[in-house]
Amino acid sequence: MDSMPVNWEALDTLIVDFAKSENLIEDSVTCSPSSSPSSSSYHQRMVIRQIRRSLEVGDIDAATDLLRVHAPFILDDHRFLFRLQKQKFIELLRRGTAEARDSAIDCLRTVLAPCALDAYPEAYEEFKHVLLAFIYDKDDPTSLVAHEWSERRRFDIAGLISSVLRAHMHAYDPLFAMALRYLISIHKGFCFRKGISSPISDLTLRLLLEERDSPATPQESLYEVPPFDEVDIQALAHAVELTRQGAIDSLRFAKGDLLQAFQLNELCRMRLDDSMLDELVREYCIYRGIVDSGLASSSVSGIQPLSEPLKVNKLDPGFSSSRSCSLEVDCETNKHSDGESSISNAHMNNSPEINADMMGKGTDVEIRYSCEPAGNHDDCSTSETHGPENSRVLQRHRSHGTGERSKRKRWRGRYDKHDSVPDVQQELTATAAATSTNLLEERQGLGLSLDSIGNRENMYETLLVMKDLASRGMAAEVVAEVNRIDPEFFGQNPVLLFHLKQIEFLKLVSTGDHSGALRVACSHLGPLAANDSLLLKALKETLLALLRPNEDALGRCLPLHALATSLQVAIGRRLGIEEPQLMKMMRAMLYTHNEWFKIQMCKDRFEGLLKIDSLKEINTPLLSDAASKSNADASTNGSSQVTVSSSGRIVEDGSSPTQVSSGDVVCDENAILKVMEFLALPRADAIHLLAQYNGNAETVIQQIFA
């Protein structure tokens with residue numbers, strides 16, 4: 001399966017917001033828990049988890065006490081009170097003591113019977129049926145109340161109460177958790193429809209649980225005519241795999257608010273394995289330098305203990321350390337008054353990424369440009385920077401890195417750790433360790449020994465130092481440091497070297513040193529492009545910077561954070577540090593998200609809400625504009641429609657209704673919705689059927705029911 005580039009800075013923002021919302025990290029510069037903007041939502045989610053936990057273990061009294069304090073409206077609603085007391089009755093009988101049986105009878109008389117009269121139409125019949133639990137034992141295989149005795153009932157009522165509480169308290173899960181649920185769901189659906197195996201199925205199957213919480217439904221009649229737009233009904237139904245009636249119920253409960261129905265009512269019903277998710281996030285944060293690794297954490301990233309420094313002997317020419325490595329270069333201009341670049345919410349909106357499909361000596365390359373101004377950096381590097389001067393720069397940067405490390409957040413972990421599923425952390429660590437062991441054995445088989453990095457902590461810090469150097473545009477220093485660690489690295493990764501020298505060239509042009517820039521081009525860029533024709537176009541467009549001396553070529557298209565990430569991945573693999581599993585998941589899931597909506601022939605109405613669009617924003621000013629042209633589209637806010645051609649390109653169409661082209665047949669949007677509604681079909685299947693019958697919805701329906 002293919003993958004696609006990811007805007008890692010946008011993902012960083014989502015991950016940090018998630019970790020802060022769940023109190024997984026500690027940050028000395030953040031506000032206190034009592035004043036944190038997310039503390040209220042976190043407290044509400046914790047209350048819901050505590051109530052869920054009590055119900056799942058059958059402690060109905062503890063759950064009732066919590067509800068009485070935090071959500072008394074639940075106990076005032078006889079629909080929920082009846083279900084809770086019926087479960088309490090079963091739990092009392094389950095104890096099997098005479099005292100518990102007397103308490104069960106008292107529960108019947110004082111609470112359950114009165115509630116059964118007006119809870120809901122079927123409640124009284126359910127009340128009479130549950131009385132059979134006095135006769136049939138919980139272990140009786142012929143029991144007529146086996147369903148009531150089943151412990152599965154605990155989880156059903158826990159899910160229902162949790163759904164109602166989330167909606168009432170507006171206790172949204174963090175955006176990243178909801179986006180992950182949505183992307184995994186689409187990924188599974190795409191793989192099933194195409195009949196292909198998923199390369200990340202071992203992770204997605206464990207991360208997204210099969211069970212969903214019961215939906216929160218309104219009290220109104222389910223048979224009244226829904227006052228909702230059919231477009232909204234179908235969009236919700238197919239986004240989260242609901243029946244049409246289920247989508248109507250969800251919209252009615254959300255009072256017609258499509259986004260609330262999608263985000264709060266439906267996505268939050270999907271359950272994630274919290275323990276596994278925390279480990280994936282922790283692994284990613286350590287790798288990206290968001291949280292401090294610490295000796296205890298290094299095994300998560302697949303780091304092995306090292307006792308000797310690294311010394312690289314001559315490598316096998318057929319070996320490439322970045323077989324699966326990607327070069328991602330981000331194009332964004334962030335202007336700050338102090339000239340320094342920063343990761344902020346701007347990355348969520350303006351940090352594009354493209355796939356340049358460049359391959360040199362068997363190396364797959366993903367290019368994403370991210371531009372930040374570097375005018376105030378006085379470490380302007382040239383090709384002639386060597387030896388002691390470079391060492392002083394690197395030593396100074398390592399000292400700076402020590403200060404930066406002290407500012408990193410500390411991993412706190414989830415408070416309710418007894419909710420964790422056992423052995424998830426051990427499984428993730430074992431997977432990373434096995435991969436890392438293979439990489440180390442491969443490296444040792446090629447004659448690499450260890451000679452400059454004292455231990456696993458220093459090795460990891462060295463990676464982050466090089467990543468920071470690259471993100472600051474210090475290309476020559478990066479090249480020197482990499483050559484010191486592994487002299488053969490750039491021989492196996494010429495595309496990485498090309499882009500580092502590209503940075504150096506643009507930096508010299510921006511300072512007016514055209515002679516130095518041309519020396520870099522003649523000594524490095526030209527020979528590298530001569531050996532790889534795919535780099536020739538990039539070289540030509542880079543040289544155009546000489547013709548525009550007054551333009552900020554450096555700030556406009558200098559690859560910084562993305563190039564730094566690519567360098568970290570490539571060198572990390574050489575050192576036995578595998579990239580986080582979350583990075584692999586995001587590449588695969590964003591690719592299937594794109595492909596899924598090509599099949600549906602429409603734009604995802606919810607990708608902006610979940611920030612999925614920011615994770616795959618594409619802009620290619622330096623290397624290629626083909627990707628941006630093929631993905632040109634317009635916003636679908638409100639009830640605006642889009643037109644999708646047979647090529648899959650999404651284009652804005654101001655006319656109403658929208659028409660969709662499938663082959664030579666033009667399908668009216670209303671016809672598509674009619675077929676979807678009457679035949680309960682996915683959008684893509686409805687379009688294909690309409691194409692067979694010249695776009696006539698009535699003919700399609702008649703043929704199906706004939």
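This is a short walk through the cores, one covered helix, one helix pair and one buried aspartate in this structure. Keep in mind that the model is predicted.

Start with the cores. The largest nonpolar core has 119 residues. Which members touch the most others? They are Phe176, Tyr182, Leu207, Leu236, Phe262, Phe505 and Met586. Helix H28, residues 581-600, supplies the largest share of this core, with 11 residues. Apart from that core lies another, of 41 residues. Val47, Ile74, Phe80 and Ala119 are among its members.

Take Phe176 from that first list. Leaving out residues up to four places away in sequence, Phe176 touches Leu11, Leu14, Ile15 and Phe18. Phe176 also touches Leu277, Val281 and Leu582.

Now the helix pair, H10 and H28. Two packed helices are described by the angle between their axes and the distance between the axes. Here the axes of H10 and H28 come within 8 Å. They cross at roughly 60°. That makes H10 oblique to H28. The crossing of H10 past H28 is left-handed. Who meets whom? On the H10 side, the residues include Phe176, Leu180, Tyr182, Leu183, Ile186 and Phe190. On the H28 side, they include Leu582, Met585, Met586, Met589, Trp596 and Phe597. The interface is not just nonpolar names: His187, Arg193 and Lys194 of H10 take part, as do Thr592, His593 and Glu595 of H28.

Next, helix H14, residues 258-266. This helix is mostly covered, with eight of its nine residues buried. Which ones are buried? Leu258, Gln260, Ala261, Phe262, Gln263, Leu264, Asn265 and Glu266. Phe262 we have met already, in the list of core residues that touch the most other members. What covers the buried residues of H14? The cover includes helices H9, H10, H12 and H13, plus strand S3. So H10 turns up again, this time as part of the cover over H14. Look at the start of H14 too. There, a side-chain oxygen of Asp257 reaches to within 3.1 Å of the backbone nitrogen of Leu259.

Last stop, Asp278. This residue is found in helix H15, residues 274-288. Is Asp278 buried or exposed? Its relative accessible area is 8%, under the 20% cut-off, so Asp278 is buried. Which side chain pairs with it in a polar contact? Arg414, at 2.7 Å. Not counting residues up to four places away in sequence, Asp278 touches Phe18, Leu24, Trp411 and Arg414. Phe18 also appears in the list of residues that Phe176 touches.

Conventions. Residues are numbered from 1 along each chain as its sequence is written. This is a predicted model: local features need pLDDT of at least 70, side-chain atom pairs count only at pLDDT 80 or more; totals for chains, interfaces and linings use all residues. Side-chain values use heavy atoms; hydrogens and water are left out. A nonpolar core is a set of buried Ala, Val, Leu, Ile, Met, Phe, Trp, Tyr and Cys residues joined through side-chain atoms within 4.5 Å. Buried means under 20% relative accessible area, exposed over 50%, partly exposed in between (1.4 Å probe, protein chains only). Helices (H or I, at least four residues) and strands (E, at least two) are DSSP runs, numbered from the N terminus. Contact means heavy atoms within 4.5 Å. A polar contact is a pair of N or O atoms within 3.5 Å; within protein, one must be able to donate a hydrogen and the other to accept it, and residues adjacent in sequence count only if both atoms are side-chain atoms. Axes are lines fitted to C-alpha atoms, for helices over the stretch in contact, and angles run from 0 to 180 degrees between N-to-C directions. Angles under 35 degrees count as roughly parallel, over 145 as roughly antiparallel, 65 to 115 as roughly perpendicular and the rest as oblique. A crossing is left-handed if the near helix is turned anticlockwise from the far one by less than a right angle, and right-handed if clockwise.
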